[in-house]
Amino acid sequence: MYSLLLDSSNVDLAVGLAKDNILIDNIKYEAWQRQSEFMISEIANILKRNRVDPKDIEEIVVTKGPGSYTGLRIALTIAKIYGYALNIKVYALSSLAILKDKDNISICLMNARSKRSYFGLYQNKTCLIEDKVLTNEEVLAFIKEHPNYSICGDVSYLNLENKKNDIFNNMLELKDEDNLVKNILSLKAVYLKD
């Protein structure tokens, strides 16, 4: 069974391909505000490179937010079209959850602009604090109070070092019945900002 993994929620474009829940190939690079130009062609590239017909994809795992307003819609739209046209399963995951450290409690962060951060706290498959928007000041205070937690995500905007994690394997681990989209037409991005 082939799975297509998609994320365009932040600065990176990420496309993964898994067979029987094992990652076999991926493409990931910075494409801030240009994911819409490249994602379809990168999906075609990864399928061609692995000699996989698009009709052989049996499920899609995609991030639903929080994140960039336009970025979120790119991967979600592709997932909805593929899911609907091929009548396959679609799993929608938190964009923060896929950043987690599998070995530690993880403070997962993304830049929400205007001196704010998207924030979620995760341990393994469990969300300890639901995704929300905090001021950068609140985030830094939380990190100071929890020095043993992993800091995950692109946190250069906070002048912090992060733990780099494998988002694709996290996506495969997190896909479960709770994240299965029941009605593909109702799948929407989670923005969190007004």
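I began with Asp25 and Arg49, whose side chains meet in a salt bridge with N and O 2.7 Å apart. I noted that this pair links distant parts of the chain, with Asp25 in strand 3 and Arg49 in helix 1 (residues 35-49), 24 residues apart. I looked up the burial of each partner: Asp25 is buried, with a relative accessible area of 15%, whereas Arg49 is partly exposed at 47%. I keep in mind throughout that this is a predicted model.

I then turned to the other salt bridges, of which the structure holds six in total, the pair above included. Asp12 forms one with Lys28, and here the closest N and O atoms are 3.1 Å apart. This pair, too, links distant parts of the chain, since I find Asp12 in strand 2 and Lys28 in strand 3, 16 residues apart. Both of these residues count as partly exposed, Asp12 at 22% relative accessibility and Lys28 at 42%.

Another bridge that I checked joins the side chains of Lys100 and Glu173, at 3.2 Å from N to O. I placed Lys100 in the loop between strand 5 (89-94) and strand 6, and Glu173 in helix 4, with 73 residues separating the two along the chain. Lys100 is buried, with a relative accessible area of 0%, while Glu173 is partly exposed at 29%.

Next I went through helix 3 (residues 136-145), where I list Asn136, Val139, Phe142 and Ile143 as the buried residues. Seen down the axis of helix 3, these buried residues fall within an arc of 120°, so they line one face of the helix. On the other side of helix 3 I find Glu137, Lys144 and Glu145, which are exposed. I also looked at Leu140, which lies in helix 3 and counts as partly exposed at 38% relative accessibility. The C-alpha atoms of Leu140 and Leu158 are separated by 8.1 Å, and the two residues are 18 apart along the chain.

For the backbone, I looked up residues with a positive phi other than glycine, and I record two here. Asp20 has a phi near 50°, and I place this residue in the loop between strand 2 (12-19) and strand 3 (22-30). Ser114 has a phi near 55°, and lies in the loop between strand 6 (106-113) and strand 7 (116-123). Ser114 is exposed, with a relative accessible area of 63%.

I returned to Asp20 when I looked at surface charge, and found that Asp20, Asp53, Asp56 and Glu58 form a negative surface patch.

I also checked the peptide bond from Gly65 to Pro66, which is cis, with omega near 5°. Pro66 has its place in the loop between strand 4 (57-65) and helix 2 (69-86).

My last entry concerns Leu185, which I find in the segment after helix 4 (167-174). At 58% relative accessibility, Leu185 counts as exposed. I compared its position with that of Arg113: the two are 72 residues apart in sequence, and their C-alpha atoms are 30 Å apart in space.

Definitions and conventions:
Residues numbered from 1 in each chain as written. Predicted model: local features only at pLDDT ≥ 70, side-chain atom pairs only at ≥ 80, totals over all residues. Heavy atoms only, no water. Patch = residues over 30% accessible without salt bridge, like charges linked within 9 Å, V, L, I, M, F, W, Y side chains within 5 Å. Areas by Shrake-Rupley, 256 points an atom, 1.4 Å probe, with all protein chains shown as cover. Salt bridge = Lys/Arg side-chain N within 4 Å of Asp/Glu carboxyl O. Lys, Arg positive; Asp, Glu negative; His and termini not counted. Charge placed at Lys NZ, Arg CZ, Asp CG, Glu CD. Helix = DSSP H or I, 4+ residues; strand = E, 2+ residues; numbered from the N terminus. Buried < 20%, exposed > 50% of the residue type's maximum accessible area, 1.4 Å probe, protein only. Arc of directions from axis to C-beta.
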